[in-house]
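Biologist: I'm new to this one and would love a close look at a single part of it. Please start with one residue and work outwards from there.

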Amino acid sequence: MKKIVILSVLLSAMFLFSQNAFSVVPPAVPGPNQPPQPQIPTDGNYVVAVLDGKNLTLAEVNYFTPAADLETVKNVANFWINTQLLYDEAVKKAIDKDAKTKFMADNAFKKTIASAYIEQVQKEIKVSDADVKKYYEENK
């Protein structure tokens, strides 16, 4: 019972921290006696975090939030690590075998693919102001 309570508290703390993973804090402006902030590498293959042989690259961080500043990169890395740890613990407890969990995971996967498709279609469609005005005039 004590182990379950400790694990629950630990998992709750990790979840609460991950909720703040994407909060954007403006970078502090270095004063005359402060060193400049470290620069973020431009190579997308740069490894930001490693956990159990799995790498999080800067390109993958940019999937979450493009053109991230240093603080955001740190927050995304912490979010990714917490998610990996929670996932691994859930798999150990066979949560991934539960019918509801499998259904919800499958649905989330499909939603991600559908969202990527919508994003791609939106990039391909070009609508001019003249087209919008014409449609408006014809469909008042």
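Here's my starting point: what is the relative accessibility of T57, and does T57 count as buried or exposed?

Modeller: T57 counts as buried, because its relative accessibility is 16%. The cut-offs are these: buried is under 20% relative accessible area, exposed is over 50%, and partly exposed is in between, using a 1.4 Å probe and protein chains only.

Before going on, some ground rules. What you see is a predicted model, where local features need pLDDT of at least 70 and side-chain atom pairs count only at pLDDT 80 or more, while totals for chains, interfaces and linings use all residues. Residues are numbered from 1 along each chain as its sequence is written, and side-chain values use heavy atoms, with hydrogens and water left out.

Back to T57, which sits in strand 2. Helices (H or I, at least four residues) and strands (E, at least two) are DSSP runs, numbered from the N terminus. Setting aside neighbours within four places in sequence, T57 is in contact with G44, N45, Y46, V47 and V48. Contact here means heavy atoms within 4.5 Å.

Now step back for the whole layout. The protein chain has five helices and two strands, and along the sequence they run α-β-β-α-α-α-α. Of its 140 residues, 14% count as buried. If you take contacts with a separation of 6 or more, 57% of them join residues 24 or more positions apart.

The loop between strand 1 and strand 2 (54-57) is worth a stop, as D52 is found there. D52 has a phi near 50 degrees, which is positive although the residue is not glycine. Most residues other than glycine have a negative phi. D52 counts as exposed, because its relative accessibility is 61%.

Around this corner you'll also find the largest nonpolar core, whose ten residues are A49, L51, L56, L58, V61, A68, V73, V76, A77 and W80. A nonpolar core is a set of buried Ala, Val, Leu, Ile, Met, Phe, Trp, Tyr and Cys residues joined through side-chain atoms within 4.5 Å. Strand 1 (47-51), helix 2 (58-64) and helix 3 (70-92) each put in at least two residues, with helix 3 giving the most, four. In soluble globular proteins, nonpolar side chains tend to be buried together. One core member to click on is A49: leaving out residues up to four places away in sequence, A49 touches K54, N55, L56, A77, W80 and I81.

Follow helix 3 next. Helix 3 has 23 residues and spans 33 Å from first C-alpha to last, close to the 33 Å expected at 1.5 Å a residue. That expected span is 1.5 Å times one less than the number of residues. The buried residues of helix 3 include T72, N75, N82 and D88. Q84 is in helix 3 too, and Q84 counts as buried because its relative accessibility is 17%. Beyond its neighbours within four places in sequence, Q84 is in contact with L51 and K54.

Helix 3 also takes part in the one aromatic pair counted. The rings of F64 and F79 have centres 5.8 Å apart and planes at 85 degrees, so the pair is edge-to-face. Rings of Phe, Tyr and Trp (its six-membered ring) pair if their centres lie within 6.5 Å, and planes under 30 degrees apart count as stacked, over 60 as edge-to-face and the rest as tilted. F64 belongs to helix 2 and F79 to helix 3, so the pair ties together parts 15 residues apart in sequence. F64 counts as partly exposed, because its relative accessibility is 40%.

Finally, look at both ends of helix 3. Ahead of it, A67 lies in the loop between helix 2 and helix 3 and counts as exposed at 76% relative accessibility. Just after helix 3, A94 takes a positive phi of about 65 degrees. A94 is in the loop between helix 3 and helix 4 and is partly exposed, with a relative accessible area of 40%.
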